[in-house]
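Please take a moment with the sequence and the 3D view before reading on. The paragraphs below are meant to be followed with both at hand.

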Amino acid sequence: MDEAVNTLMTLTVAAAVLACPLMVASAHAQALPDPTRPSGTLSAHANPGAAEGELPRLQSVLIAPRPGGRQVAVIDGETVLLGGSFKGARVARITQAEVELVRGRERQVLRLYPATTPATSPATSPADAGAALAN
């Protein structure tokens, strides 16, 4: 009888040991992010947590390839057409990288790719570079 109990306990422990990696693997699989999901939370309202007076965020631009085709922009999660309105402003222009909003006389340009500044580094002349290599 003791031998049967030992065999049963050995099988139970073996099954538990084999099941642990499966539980860990399933937990890790659920944590993978969706690479196609836009960053941040999309909302039909203003940017979540945006400060008052902060520019809306241009998220996407879709321009039909044929002349006179539809032009669409996604601003703060809201889809707007060329000539349409976004929070009281008229969408006056849509390009591949910008959208121009007009409120009365005020014009606001939203850029898909924010302006970047080149990294600053000390200027070196070719002679300085050669001297550094010689050392």
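What follows goes from the overall layout to the sheets, then to the nonpolar core, and last to a group of charged side chains.

The model shown here is a predicted one, and its secondary structure comes to 2 helices and 7 strands. Read from the N terminus on, the elements run α-β-β-β-β-β-β-β-α, so the order opens with a helix and closes with a helix. The protein has 135 residues, of which buried residues make up 17%. As for how the chain meets itself, 28% of the contacts between residues at least 6 apart in sequence join residues that are at least 24 apart.

The strands can be taken sheet by sheet. One open sheet is formed by 3 strands in the order S1-S2-S3, and the pairing in this sheet is antiparallel. Its edge strands are S1, covering 58-63, and S3, covering 78-81, and each of these pairs on one side only. Neighbouring strands of this sheet are turned against each other by 20° on average, with direction ignored. Within the sheet, strand S2, residues 71-75, pairs with S3 in the antiparallel sense over 4 bridges, and a place to see this pairing is Val74, which stands opposite Thr79 in S3.

Another open sheet holds 4 strands in the order S4-S5-S6-S7, again with antiparallel pairing. Why is one side of S4 and of S7 left without a neighbour in the sheet? Strand S4 (85-86) and S7 stand at the edges and each has a single partner strand, so one side of each has no neighbour there. S4 pairs with strand S5, residues 89-94, in the antiparallel sense over 2 bridges, and Phe86 stands opposite Ala89 in S5.

From the sheets we can turn to the nonpolar residues. In soluble globular proteins, nonpolar side chains tend to be buried together. In this model the largest nonpolar core has 12 residues in all, namely Leu58, Val61, Ala73, Ile75, Val80, Phe86, Ala89, Val91, Ile94, Val99, Leu101 and Leu110. S1, S2, S5 and strand S6 (98-103) each supply at least two residues of this core, and S5 gives the most to the core, with 3 residues. Leu101 offers a useful view of the surroundings: when residues up to four places away in sequence are not counted, Leu101 touches Ile75, Phe86, Ala89, Arg90, Val91, Glu106, Arg107, Gln108 and Leu110.

One of those contacts of Leu101, Arg107, leads on to the charged side chains. Arg107 is found in strand S7, which covers residues 106-111. Is Arg107 buried or exposed? Because the relative accessibility of Arg107 is 56%, this residue counts as exposed, the cut-off for that class being over 50%. Leaving aside neighbours within four places in sequence, Arg107 is in contact with Ala92, Glu100, Leu101 and Val102. The C-alpha atoms of Arg107 and Ala89 are separated by 9.0 Å, although these two residues lie 18 residues apart along the chain.

Side chains of opposite charge can pair when their charged atoms come close. A search of the whole structure finds 4 salt bridges, and one of them is formed by Arg107 with Glu100, the closest N and O atoms being 2.6 Å apart. The side chains of Arg107 and Glu100 are likewise joined by a polar contact of 2.6 Å. Unlike the exposed Arg107, Glu100 counts as buried, because its relative accessibility is 11%, and the limit for buried residues is under 20%. Salt bridges that share partners join Arg93, Glu98, Glu100, Arg107 and Arg111 into one network.

Which residues does Arg93 meet in this network? Arg93 forms a salt bridge with Glu98, where the closest N and O atoms are 3.4 Å apart, and the side chains of Arg93 and Glu100 meet in a salt bridge of 3.0 Å, N to O. Arg93 itself is partly exposed, with a relative accessible area of 29%. Glu100 thus has a salt bridge with Arg93 and a salt bridge with Arg107.

Technical notes: Residues are numbered from 1 along each chain as its sequence is written. This is a predicted model: local features need pLDDT of at least 70, side-chain atom pairs count only at pLDDT 80 or more; totals for chains, interfaces and linings use all residues. Side-chain values use heavy atoms; hydrogens and water are left out. Buried means under 20% relative accessible area, exposed over 50%, partly exposed in between (1.4 Å probe, protein chains only). Contact means heavy atoms within 4.5 Å. A polar contact is a pair of N or O atoms within 3.5 Å; within protein, one must be able to donate a hydrogen and the other to accept it, and residues adjacent in sequence count only if both atoms are side-chain atoms. Two strands pair if DSSP finds at least two bridges between them. Axes are lines fitted to C-alpha atoms, for helices over the stretch in contact, and angles run from 0 to 180 degrees between N-to-C directions. A nonpolar core is a set of buried Ala, Val, Leu, Ile, Met, Phe, Trp, Tyr and Cys residues joined through side-chain atoms within 4.5 Å.
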